[in-house]
Amino acid sequence: MTAERQLFGGQDHVGRQKRPTGEAIKRGLLGSCPNCGRGRLFRAWLKPVDACEVCHEEMHHQRADDLPAYLVILVAGHLVVGAFSAVEAVTSLTMWQHLAIWVPLTLLLTLGLLQSVKGGVIGLQWALYMHGFGGHEDLIDTHPEA
Ligand SMILES: [Zn+2]
């Protein structure tokens, strides 16, 4: 840990109140506001609310981008390929039987995990004051290197 990342007295290196990262991720995984844990995090399938209905913490500036999809692919891929390999080792199913099992299972698994994982990513971003969660806008580099 570098000196600038050390935390003192419940504050981070720039004096902001330290946020509980694990708790925020857990609340996000459950679809709840990472700040209070009582308000909803999503107003639609993968669309977060603009602000928490209970604590009014703003969520409109979160940018989870592709990280939730990458994490879901990582988890679902390992589960499905592992299960496929185990079943293939002990049975002699045809190609069509395998397709009938693994394609729907993969779809259900990925769609089932995606909202929770996105909530967890939003919780992590909130806990780390990323993307405007620190009460200020992200700075845009107006002088990019040539
Ligand atoms: Zn809240």
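Visitor: Which side chain does Glu53 meet in a salt bridge, and at what N to O distance?
Guide: This is a predicted model, and in it the side chain of Glu53 pairs up with an arginine. Glu53 and its partner are both in the loop between H1 and H2, so the salt bridge ties together parts 13 residues apart in sequence. The partner is Arg40, and the N to O distance is 3.6 Å.

Visitor: How far apart in space are Arg40 and Glu53, C-alpha to C-alpha?
Guide: Arg40 sits in the loop between helix H1 (21-29) and H2. Along the sequence, Arg40 and Glu53 are 13 residues apart. From C-alpha to C-alpha, the spacing of Arg40 and Glu53 is 7.3 Å.

Visitor: What are the relative accessibilities of Glu53 and Arg40?
Guide: Anything from 20% to 50% goes down as partly exposed. Glu53 counts as partly exposed because its relative accessibility is 48%. Arg40 is partly exposed too, and its value is 45%.

Visitor: How many salt bridges does the structure hold?
Guide: In general, side chains of opposite charge can pair when their charged atoms come close. The pair of Glu53 and Arg40 is one such salt bridge, and Glu57 with Arg19 is another. For the structure, the number of salt bridges is 5.

Visitor: What is the N to O distance between Glu57 and Arg19, and how many residues apart in sequence are the parts they tie together?
Guide: The side chains of Glu57 and Arg19 form a salt bridge with an N to O distance of 3.7 Å. Glu57 is in the loop between H1 and H2 while Arg19 is in the segment before H1, so this pair ties together parts of the chain whose separation in sequence is 38 residues.

Visitor: Are Glu57 and Arg19 buried or exposed?
Guide: The cut-off to keep in mind is 20% relative accessible area, since anything under that is called buried. Glu57 and Arg19, the two partners of the 3.7 Å salt bridge, get the same label: buried.

Visitor: In which helix do Glu23 and Lys26 both lie?
Guide: Glu23 and Lys26 form a salt bridge, with 3.7 Å between the closest N and O atoms. The two are 3 residues apart, about one turn of the helix. Glu23 is partly exposed at 31% relative accessibility, and Lys26 is partly exposed at 46%. The helix they both lie in is H1.

Visitor: Which residue is linked with Glu23 and Lys26 in a network of salt bridges?
Guide: Start from the salt bridge of Glu23 with Lys26. The network takes in both of these residues and an arginine. That arginine is Arg27.

Visitor: How many helices and strands does the chain come to?
Guide: From the N terminus on, the elements run α-α-α. Buried residues make up 27% of the chain's 146 residues. The secondary structure comes to 3 helices and 0 strands.

Visitor: How is H2 oriented to H3, roughly parallel or roughly antiparallel?
Guide: Helix H2 (residues 67-90) packs on H3 at an angle of about 150°, and their axes are 8 Å apart. An angle over 145 degrees is the cut-off for the label, which means H2 and H3 are roughly antiparallel.

Visitor: What is the handedness of the crossing of H1 and H3?
Guide: H1 and H3 pack at an angle of about 150°, their axes being 6 Å apart. That makes H1 roughly antiparallel to H3. H2 passes H3 in a right-handed crossing, and the crossing of H1 and H3 is right-handed.

Visitor: About what area does the nonpolar surface patch that includes Leu99 have?
Guide: Leu99 is placed in helix H3 (residues 95-127). Leu99 is partly exposed because its relative accessibility is 36%. The patch is made by Leu99 together with Trp45, Met95, Trp96, Val103, Leu107 and Leu111. Its area is about 800 Å².

Visitor: What is the phi of Asp65?
Guide: Most residues other than glycine have a negative phi. Asp65, in the loop between H1 and H2, is exposed with a relative accessible area of 65%. Asp65 is not a glycine, yet its phi is positive, at about 50°.

Visitor: Is Tyr129 buried or exposed?
Guide: Tyr129 is in the segment after H3, and it is a residue other than glycine with a positive phi near 60°. Its relative accessible area is 13%, so Tyr129 is buried.

How values were computed. Residues are numbered from 1 along each chain as its sequence is written. This is a predicted model: local features need pLDDT of at least 70, side-chain atom pairs count only at pLDDT 80 or more; totals for chains, interfaces and linings use all residues. Side-chain values use heavy atoms; hydrogens and water are left out. Patches are made of residues with over 30% relative accessible area and no salt bridge: like charges are joined within 9 Å, nonpolar side chains (Val, Leu, Ile, Met, Phe, Trp, Tyr) within 5 Å. Accessible areas come from the Shrake-Rupley method with a 1.4 Å probe; for residues, only the protein chains shown count as cover. A salt bridge is a side-chain nitrogen of Lys or Arg within 4 Å of a carboxyl oxygen of Asp or Glu. Helices (H or I, at least four residues) and strands (E, at least two) are DSSP runs, numbered from the N terminus. Buried means under 20% relative accessible area, exposed over 50%, partly exposed in between (1.4 Å probe, protein chains only). Axes are lines fitted to C-alpha atoms, for helices over the stretch in contact, and angles run from 0 to 180 degrees between N-to-C directions. Angles under 35 degrees count as roughly parallel, over 145 as roughly antiparallel, 65 to 115 as roughly perpendicular and the rest as oblique. A crossing is left-handed if the near helix is turned anticlockwise from the far one by less than a right angle, and right-handed if clockwise.
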